[in-house]
Amino acid sequence: MLTLEIGLDRNALLVTPTRRYVQRVLECLVGAANKELVERVALVVHELLENGAKYAPAGARMDLSLMLDGSADGSLVIRLTNPTTPVHVDRLKQFVAEIQAAQDATALYIEMMCRDPFDQNTSGLGLARIRAEGEMNLDLVVAAETATIVARAAAPHLQQAA
Amino acid sequence: MSPSIKTQAFSASSKVGEGTLLTKLVGNADIGVKTALADFLGQVHEAARSESVSQVVVDLKDVEFMNSACLKTIVTWIFVARELPLANRYEILLDYDPNVLWQRRSVHALACVATELVRLQS
């Protein structure tokens with residue numbers, strides 16, 4: 001139904017325009033009938049890109065891909081790949097493992113909001129938000145010093161916009 | 001004292017009236033806004049204390065999107081407000097648009113951070 005691949009520099013200024021672009025493309029494709037799915041994707045794309053922009057080294061390239069299959073057993077897969085540091089890879093492994101193990105995604109999200117409430121830096125909150133608000137499962141693939149965060153959700157029986 | 005901030009993509013304003021401090025956020029709250037929003041909420045806290053208001057209303061309805069870092073600044077503010085003595089404490093009312101997915105889901109999570117302090121209105 002749709003494969004979208006975007007390569008962009010590690011630049012926080014590109015996050016919001018990229019989110020808006022992806023949201024607009026999906027609105028054109030699947031329209032108002034799937035408004036919630038489109039908004040979930042926009043949220044996930046934003047949080048993934050900000051995570052990448054925050055932790056990739058200066059001058060790095062980030063690769064975002066979105067694959068949407070709206071058939072009867074369809075799925076949605078969003079990937080963000082970027083180089084990062086071994087220290088951040090270790091943090092990502094911890095956050096993703098914690099999120100994957102959570103019985104209640106929303107309870108974990110709220111717990112992570114309250115964890116170190118005066119610390120404005122490293123929280124993993126964006127990833128917990130992807131799971132809780134974006135309703136997507138998370139995986140992490142690490143190769144050398146490159147991390148790929150994969151967000152997946154079911155997307156069956158999507159109607160295309162007229 | 002009526003705290004306000006304005007960046008290229010985001011603005012926040014406030015006014016005091018009848019025991020309430022009304023704030024309105026407008027625009028896109030991404031990573032570029034986090035520090036300004038944190039400063040604004042710090043000023044809101046000081047204004048709420050100095051004016052002895054019983055409620056601070058945060059109108060989020062015209063916020064296009066708010067990232068997790070900005071949500072965390074609101075959490076921090078809630079924790080700061082919670083540290084006030086009971087007699088000086090103010091309620092936080094989050095006014096949101098239930099038709100916008102991130103607003104509906106994020107404010108419900110924020111309300112769970114301090115159920116005794118945060119109320120929702122749509």
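**Figure 1. The second largest pocket, with residues of chains A and B around its centre**. In this predicted model, the second largest pocket holds about 280 Å³ of space. It has 13 lining residues, and those closest to its centre are L13(A), A9(B), N28(B), D30(B) and G32(B). Which helix gives the largest share of the lining of the second largest pocket? That would be α1 of chain A, residues 15-30, with 3 residues. Sorted by class, the lining of this pocket splits into 6 nonpolar, 5 polar and 2 charged residues.

**Figure 2. The largest pocket, lined by helices of chains A and B**. Here the volume is about 360 Å³. The lining of the largest pocket runs to 27 residues, and N51(A), K54(A), G126(A), S68(B) and A69(B) sit closest to the centre. On the chain A side, α2, α3 and α5 (125-132) each put in at least two residues, and so does α2 (68-82) of chain B. If you want one element to start from, try α2(A), which gives the largest share of this lining at 7 residues. The class count for the largest pocket comes out at 11 nonpolar, 10 polar and 6 charged.

**Figure 3. Helix α5(A), mostly covered**. Of the 8 residues in α5(A), 7 are buried. Going along the helix, the buried ones are L125(A), G126(A), L127(A), A128(A), R129(A), I130(A) and A132(A). G126(A) has turned up already: it is among the residues closest to the centre of the largest pocket.

**Figure 4. The largest cavity, with a lining that has no charged residues**. How many cavities of 30 Å³ or more does a search of the whole structure find? Just 1. The largest cavity contains about 40 Å³ of space. Its lining is made up of N51(A), G52(A), Y55(A), L80(A), N82(A), H88(A), L92(A), A147(A), T148(A) and I149(A). Four elements of chain A, namely α2 (35-55), β3 (75-83), α3 (86-101) and β5 (146-154), give two or more residues each to this lining. By class, the cavity lining is an even split, with 5 nonpolar and 5 polar residues. N51(A) lines this cavity, and N51(A) is also one of the residues closest to the centre of the largest pocket.

**Figure 5. Chain A, with 5 helices and 5 strands**. Trace the chain along its sequence and you get β-α-α-β-β-α-α-α-β-β. The C-alpha atoms of chain A fill a box of roughly 45 × 35 × 25 Å along the principal axes. Its radius of gyration is 16 Å, which agrees with the value near 15 Å for a compact globule of 162 residues. In chain A, 50% of the residues are buried. Among its contacts with a separation of 6 or more, 67% join residues 24 or more positions apart. The accessible surface of chain A is about 7400 Å², with 51% of that belonging to carbon and sulfur atoms.

**Figure 6. Chain B, with 3 helices and 6 strands**. From the N terminus, the order is β-β-β-α-β-α-β-α-β. The C-alpha box for chain B is roughly 35 × 30 × 25 Å along the principal axes. A compact globule of 122 residues would have a radius of gyration near 14 Å, and the 13 Å of chain B agrees with that. Some 54% of the residues in chain B count as buried. For contacts in chain B between residues at least 6 apart in sequence, 69% join residues at least 24 apart. Chain B has about 5200 Å² of accessible surface, and carbon and sulfur atoms account for 49% of it.

How values were computed:
Residues are numbered from 1 along each chain as its sequence is written. Chains are lettered from A and ligands numbered from 1 in the order in which they are written. This is a predicted model: local features need pLDDT of at least 70, side-chain atom pairs count only at pLDDT 80 or more; totals for chains, interfaces and linings use all residues. Side-chain values use heavy atoms; hydrogens and water are left out. On a 1 Å grid over the protein atoms alone, a cavity is a set of points where a 1.4 Å probe fits but cannot get out, and a pocket is an open set with protein on both sides within 12 Å along at least five of seven lines; lining residues have an atom within 4 Å of a point. Grid points are joined across faces, edges and corners, and a volume is the space filled by probe spheres set on the points. Ala, Val, Leu, Ile, Met, Phe, Trp, Tyr, Cys and Pro count as nonpolar, Asp, Glu, Lys and Arg as charged, and the others, Gly among them, as polar. The radius of gyration is taken over C-alpha atoms; the globule rule is 2.2 Å times the number of residues to the power 0.38. Buried means under 20% relative accessible area, exposed over 50%, partly exposed in between (1.4 Å probe, protein chains only). Contact means heavy atoms within 4.5 Å. Accessible areas come from the Shrake-Rupley method with a 1.4 Å probe; for residues, only the protein chains shown count as cover.
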